[in-house]
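Please open the model in the viewer and keep the selection panel at hand. The tour proceeds by selections, each followed by a description of what is there.

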Amino acid sequence: MEKDARPNWDSPMQFVLACVSYAVGLGNVWRFPYLCQMHGGGGFLIPYFIMLLVEGVPLFYMELAIGQKMRLGSIGAWTAISPYLGGVGLASVVTSLYLCLYYNIINAWSFWYLFHSFQSVLPWAVCPINANRTAPIEECERASPTQYFFYRETLNISSTIEENGGIHTGQALCFLLTWVITYLCVVRGVQSTGKVVYFTATFPYVVLFIYLIRGFTLHGAVNGVKYMFTPKMNQLANPTTWINAATQIFFSLGLGFGSLIAFSSYNQYNNNFERQAITVSLINSGTSIFASIVTFAIYGFKATINYENCLERTRILLLNTFNLAEDTINMDNVFEWIEKLNATYAEQFNEIANDTGNCDLEKELATAVEGPGLAFIVYSEAITNMPLSQLWSVLYFVMLLLLGVGSMLGNITAIITPLQDFKAASLFLAGLVCLFCLLLGLGFTTTSGNYWFTIFNDYGATFSLLFIVLIEVITVSYIYGIKRFEKDIEDMLGHRPNWYWKIMWVAISPLLLIVLFVFYIVNYIMGGTPTYQAWDKEEGKSVLTEYPVFGQVFIALLLVSSVSCVPLTALYVFCRKRKHGKAHKQQHALNAVSA
Amino acid sequence: MLDKILFLLCLASALADERCMPDTPHGFQVRLSIKTALGDEAYVWNENEMFLFRASLAFAMRNHMNGQQFEVSNIIVCNETMRVSFWFIVTSPLDTSQLIDQENVEAAIRQSRNRINSAFLLTDKTLEFVDILPTLATLYTHPTPPWLIVFGVVMGAVSAGIIIMLVSSVVQKKRKTNRKPQDEDDDEETRVKTVENGDAHDGIHNMSFSEDERFTKM
């Protein structure tokens with residue numbers, strides 16, 4: 001009898017919910033709507049779904065199969081498949097570690113905003129007053145209250161990556177809280193994770209649904225949704241559209257981190273993961289589309305509000321300059337009046353000509369934002385304009401938290417599971433990992449922390465994942481052998497995989513991954529010096545700045561450190577086998593001599 | 001009708017005082033946005049409202065410059081427009097040929113801004129004194145920031161959860177180790193029993209019924 005029987009999920013439903021909770025993350029909310037907007041609205045769904053069928057589902061299926069068959073974390077699983085390629089598992093763990101370091105800072109921001117929502121006036125709705133009590137603080141006036149709250153009060157950001165101040169204590173406290181919660185969710189392994197995912201996987205949908213209803217009843221929301229869904233088919237001819245669709249599917253499903261292998265290693269041997277793989281992938285894509293409908297309703301609302309504010313400002317300006325009675329110009333005839341006044345009082349009009357006539361709804365709608373900027377600046381701005389904004393704010397940031405924590409659970413499990421396979425399960429292993437990530441991650445709460453965060457976000461996981469999954473699919477198809485893999489699946493499921501899956505694993509997916517890989521490298525080289533958006537305090541906006549030398553070196557280190565695990569481990573195993581081989585030969589020789 | 005009244009007023013005030021003019025260095029421009037502020041309940045701007053304005057300004061001047069008895073006649077208004085904007089200057093009550101300088105007028109208005117606003121049911125934004133910056137009200141600063149309170153609550157709850165989990169897992173382990181010595185005792189007893197039983201039934205093995213294949217087959 002096994003002393004330490006591998007823990008299992010209480011039910012297949014827990015496993016599915018864990019995968020959904022992991023895959024559905026912040027990227028569905030803040031990356032997909034941006035891509036949709038950039039690449040022709042409704043038309044983007046075509047390359048998106050094609051990539052899902054061709055690349056997403058087959059690779060997802062493959063990772064689940066490996067985990068369930070090997071019943072080990074990523075390092076153990078890959079070592080079992082091919083001893084020389086155990087480095088793939090190690091690379092996965094290293095990449096997961098990088099992600100764990102920086103991802104929780106986003107949850108810390110969500111907590112910060114959530115806690116600040118319990119005030120009568122949301123702090124990002126109005127600019128704080130300066131010391132003289134004559135006007136709002138300058139930085140806030142030049143930017144906007146939401147930007148000021150994010151960059152100054154939340155991050156206290158410095159002007160470049162070289163400058164560093166101290167740790168922002170509020171941030172550090174929220175960061176500590178997120179790690180304590182993460183620890184609480186993984187302290188008992190699958191027993192605790194399995195219960196938590198019931199909540200983290202389902203509640204975001206409740207919030208999204210509520211926001212859908214709220215979004216559609218907002219003034220001007222329909223403008224945004226119409227803008228998004230009008231397909232601009234000419235974008236389909238652009239190769240970048242297809243590349244972005246493939247990349248989005250790839251990263252959205254969370255392939256290559258080892259989390260899927262870790263999760264499925266806790267499955268029963270005969271669990272029907274084929275159906276689950278298809279279900280989870282479809283749910284993930286469906287959520288992306290659902291979230292972007294909500295996002296575009298909010299965009300439409302925000303754009304309409306900005307447009308109407310612009311019209312109002314122009315109206316007041318016209319009234320004041322030409323001393324007309326208040327009710328002569330209203331919102332509908334501002335443009336007519338501009339023309340009239342330009343014709344009759346040309347001179348006077350020229351003085352104010354710069355400030356008039358630039359209110360454009362299309363332009364407001366076309367400002368697309370992605371990443372933390374969308375979640376923490378654009379959305380919070382929209383929320384301040386809704387009635388009962390505290391309630392909407394709380395709901396929204398709780399949703400962001402659940403999405404973020406759900407993804408974190410997957411990545412922490414991806415680190416802990418392989419480590420647990422190696423040594424006896426320690427009650428404190430999870431705690432040690434969390435403590436380690438907490439201490440290192442405190443660096444992201446410093447004043448230049450956001451710039452380091454951007455480095456990790458852009459370079460920590462992107463290139464390495466492409467490399468890892470490429471090696472994975474080639475290993476399974478050619479080194480391990482597709483026939484052996486087929487037999488394993490038949491052993492688990494009771495039937496062989498369809499010819500469709502086999503073609504994808506052997507030919508199409510590796511090809512696609514190579515194309516993505518090459519594109520990524522070409523982009524990186526052609527892009528010149530990597531740049532980042534630095535916040536300029538005086539101007540009140542972000543400025544494109546180049547990374548200093550140590551920044552570029554660090555980026556290179558990040559990229560190389562995870563990728564190099566594969567060849568280094570292969571080399572190490574090769575050397576050890578040769579030593580063993582030599583020792584064996586010596587032993588045999590001795591035996592032969594002595595016998 | 002309104003236009004005629006306004007025109008006469010302008011004329012009257014213009015005839016009265018040439019020192020009052022747009023961009024005068026001694027006065028300020030005022031702009032009212034009554035319809036924006038009050039919408040349907042907006043009142044019509046007429047000479048009575050203007051009288052109220054002059055009276056409230058005289059009140060502000062009296063408040064600021066103690067002792068001097070400003071009257072409505074000391075506030076001179078000119079250049080009224082349809083926007084409802086106009087310029088005004090203030091003369092000294094002791095000597096009408098002297099004008100009160102801008103700084104004193106500004107200080108007086110600043111001091112009594114609230115009272116002037118409420119006389120007209122308007123706010124700092126809708127009753128605009130051009131070039132006089134309103135003193136903005138600071139938001140109420142709490143002694144303990146509210147976010148810290150919520151943080152404390154959540155942190156306390158989560159820490160309690162962790163302690164409960166750890167304690168319960170330690171307790172479970174202790175229970176298991178307590179049960180194990182008991183289980184081992186039970187095993188020993190059963191083994192002893194079987195051995196005893198085996199001895200009791202260990203009779204002479206009857207070879208004829210055994211299917212021993214050591215003997216060669218015939």
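The stops below cover two helix pairs and then an interface between chains. The model is predicted.

**First stop: α5(A) and α6(A).** Select residues 74-81 of chain A, helix α5, together with residues 86-115 of chain A, helix α6. The axes of α5(A) and α6(A) come within 6 Å and cross at roughly 165°, which makes the two helices roughly antiparallel. The crossing is right-handed. To view the contact, display Ser74(A), Ile75(A), Trp78(A) and Thr79(A) on α5(A), and on α6(A) residues including Val88(A), Leu90(A) and Val93(A). By class, this contact comprises five nonpolar, five polar and no charged residues.

**Second stop: α6(A) and α9(A).** Keep α6(A) and add residues 169-186 of chain A, helix α9. These helices pack at an angle of about 115°, with axes 8 Å apart; they are therefore roughly perpendicular to each other. Here too α6(A) passes α9(A) in a right-handed crossing. Among the contact residues of α6(A) are Trp109(A), Phe111(A), Trp112(A) and Phe115(A), while those of α9(A) include Phe175(A), Leu177(A), Trp179(A) and Ile181(A). The contact has 13 nonpolar, six polar and no charged residues.

**Third stop: chain A and chain B.** Now display both chains. How much area do chain A and chain B bury between them? The figure is about 3,000 Å², with 70% of it on carbon and sulfur atoms. Each of the two chains contributes 32 residues to the contact. In chain A, select Phe115(A), Arg133(A) and Glu326(A): these lose the most area to chain B, together 22% of what that side buries. Across this interface, zero salt bridges are found.

How values were computed. Residues numbered from 1 in each chain as written. Chains lettered and ligands numbered in written order. Predicted model: local features only at pLDDT ≥ 70, side-chain atom pairs only at ≥ 80, totals over all residues. Heavy atoms only, no water. Axes fitted to C-alpha atoms, helices over the stretch in contact; angles between N-to-C directions. Helix = DSSP H or I, 4+ residues; strand = E, 2+ residues; numbered from the N terminus. Parallel < 35°, antiparallel > 145°, perpendicular 65-115°, else oblique. Left-handed = near helix turned anticlockwise from the far one by under 90°. Contact = heavy atoms within 4.5 Å. Nonpolar A, V, L, I, M, F, W, Y, C, P; charged D, E, K, R; others polar. Buried area = accessible area lost by both parts, 1.4 Å probe. Salt bridge = Lys/Arg side-chain N within 4 Å of Asp/Glu carboxyl O.
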